[in-house]
Amino acid sequence: MKRGALVFAAILVVMGLATLEIVVGSAHIPLPGIMRALRSGPTGHDFITKIVWSIRVPRCLLAFLTGATLASAGALLQASTRNPLADPFLFGLSSGAATGAVAMLVFAGNILGVWTSAIGAAAGALLATIGLLLLISATATGRSRIQNERVLLSGLAISFIFSTLTNLMIFWGDRNTAQSILFWTMGSFASARWLSLPVALAGLLLILTYGWHARRGLDALMAGEETARSLGIDTRRMRMTVLSVCAFSTAMTVSLCGPVAFIGLIVPHMARQICGASLYRSYGWTPALGGILAMLADLVSKCLLPSQEIPVGIVISALGAGFLIALMVRKTA
């Protein structure tokens, strides 16, 4: 009964946030006008219908898909590394994807449409993954196991390197391009369009499919290296696969909305509070909670200032900072 009530409550929250996402925007539209636009469908030609179906509905969907993907990536990274601070942003995957996407936009323009930044982001995330693995290997001592601190510091180093490259390209670009890219690097769902949603959906489907298939093995890995190996699990191969899947899925979302930090850090902890430490039980909740958090942050970004919209990445970063402080206080209590 409790599980059914939670599912019902989650559905109501998603529907409520989706309604608010469609209602709230820079252009004030009366609620009856929005209801008429929703009833008429995307084929309507009036101004309100175009705003609702061409801008607000895709934005709502992109927010949910992005949050679900990043949260799922964070859950897999935390399980595979046994590190509660693992996150696509802190591991440098988001920064690498952002660098690749910016490089394509600056040097190649919009040559392949919506897939231009997606291809660049995938290449950047791949380079970040390779750099992360090389740095971990270079700093390993003897045959000792990988320590959580070394993995996290390696990820931060990769993140700083790629963030520096991104800032250099913004500095070199022309003024108009630099301004648009700078806003994009702060994270925003404002550029969502129907043609771009399949890119985000592809990333989410990949990570959900892999995570659902591998969640038992990752639970065994969380119990320890020896436990996983005794069950016949190739731990090195599993970690490599997790990194690759998370890098690609993260790249697909970053290419559309920029590097959005901390969702992958916060949401897996929330899911474990609801369902326990087992990834087998909590993984089903992770994408739903991630989507809810991203939609809520996007709604706050549109309402926080009366005259303008702030990047959603700023809102989520503020939440992430508060979460980290609360986590440290809890650990020391």
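This passage describes helices, ring interactions and selected residue environments in a predicted model.

Residues are numbered from 1 along each chain as its sequence is written, and side-chain values rest on heavy atoms, with hydrogens and water left out. Because the model is predicted, local features require pLDDT of at least 70 and side-chain atom pairs count only at pLDDT 80 or more, whereas totals for chains, interfaces and linings use all residues.

Helix α3 covers residues 47-81; helices (H or I, at least four residues) and strands (E, at least two) are taken as DSSP runs and numbered from the N terminus. The 35 residues of α3 should span 51 Å at 1.5 Å a residue, and the end C-alpha atoms are 50 Å apart, in agreement with that value. The expected span is defined as 1.5 Å times one less than the number of residues. Of the 35 residues of α3, 28 are buried, so the helix is largely enclosed by the rest of the structure. Here, buried denotes under 20% relative accessible area, exposed over 50%, and partly exposed the range in between (1.4 Å probe, protein chains only).

At the start of α3, the backbone nitrogen of Ile48 is approached to within 3.4 Å by a side-chain oxygen of Asp46. A polar contact is a pair of N or O atoms within 3.5 Å; within protein, one atom must be able to donate a hydrogen and the other to accept it, and residues adjacent in sequence count only if both atoms are side-chain atoms. Further along, α3 bends by about 30 degrees at Arg56, with a proline, Pro58, following within four residues. The bend at a residue is the angle between axes fitted to the seven residues ending there and the seven starting there.

Thr69, also in helix α3, is buried, with a relative accessible area of 0%. Leaving aside residues up to four places away in sequence, Thr69 touches Ala200, Gly203, Leu204, Ile207, Ser249 and Thr253, where contact means heavy atoms within 4.5 Å. After α3 comes Arg82, with a positive phi near 55 degrees. This residue belongs to the loop between α3 and α4 and is partly exposed, at a relative accessible area of 37%. Most residues other than glycine have a negative phi, and most peptide bonds are trans.

A positive phi in a residue other than glycine also occurs at Phe262, near 75 degrees. Phe262 takes part in the one aromatic pair that the structure holds. Its partner is Phe89, and the pair is tilted, with 6.3 Å centre to centre and 40 degrees between the planes. Rings of Phe, Tyr and Trp (its six-membered ring) are paired if their centres lie within 6.5 Å; planes under 30 degrees apart count as stacked, over 60 as edge-to-face and the rest as tilted. The pair links distant parts of the chain, 173 residues apart: Phe89 lies in the loop between α3 and α4 (93-107), and Phe262 in the loop between α10 (235-257) and α11 (263-275). Phe262 is buried, at 13% relative accessible area, whereas Phe89 is partly exposed, at 25%.

For α10, the 23 residues should span 33 Å at 1.5 Å a residue, and the end C-alpha atoms are indeed 33 Å apart. Gly258, with a positive phi near 85 degrees, follows α10.

Helix α8 (residues 197-222) contains a kink of about 55 degrees centred on Arg215. The charged end of Arg215 sits over the ring of Trp212, 3.7 Å from its centre. This assignment requires NZ of Lys or CZ of Arg to be within 6 Å of the ring centre and within 35 degrees of the ring normal. Helix α8 is followed by Gly224, which has a positive phi near 135 degrees.

Separations between further residues were also computed. Ala18, in helix α1, is 41 residues from Arg59 in sequence and 9.8 Å from it in space, C-alpha to C-alpha. Not counting residues up to four places away in sequence, Ala18 touches Cys60 and Met295. Gly25, in the loop between α1 (2-23) and α2 (31-40), is partly exposed at 30% relative accessibility. The C-alpha atoms of Gly25 and Ala125 are separated by 32 Å, with their positions 100 residues apart along the chain. Met328, in helix α14 (residues 312-332), is exposed, with a relative accessible area of 54%. Met328 and Ser26, 302 residues apart along the chain, have C-alpha atoms separated by 38 Å.
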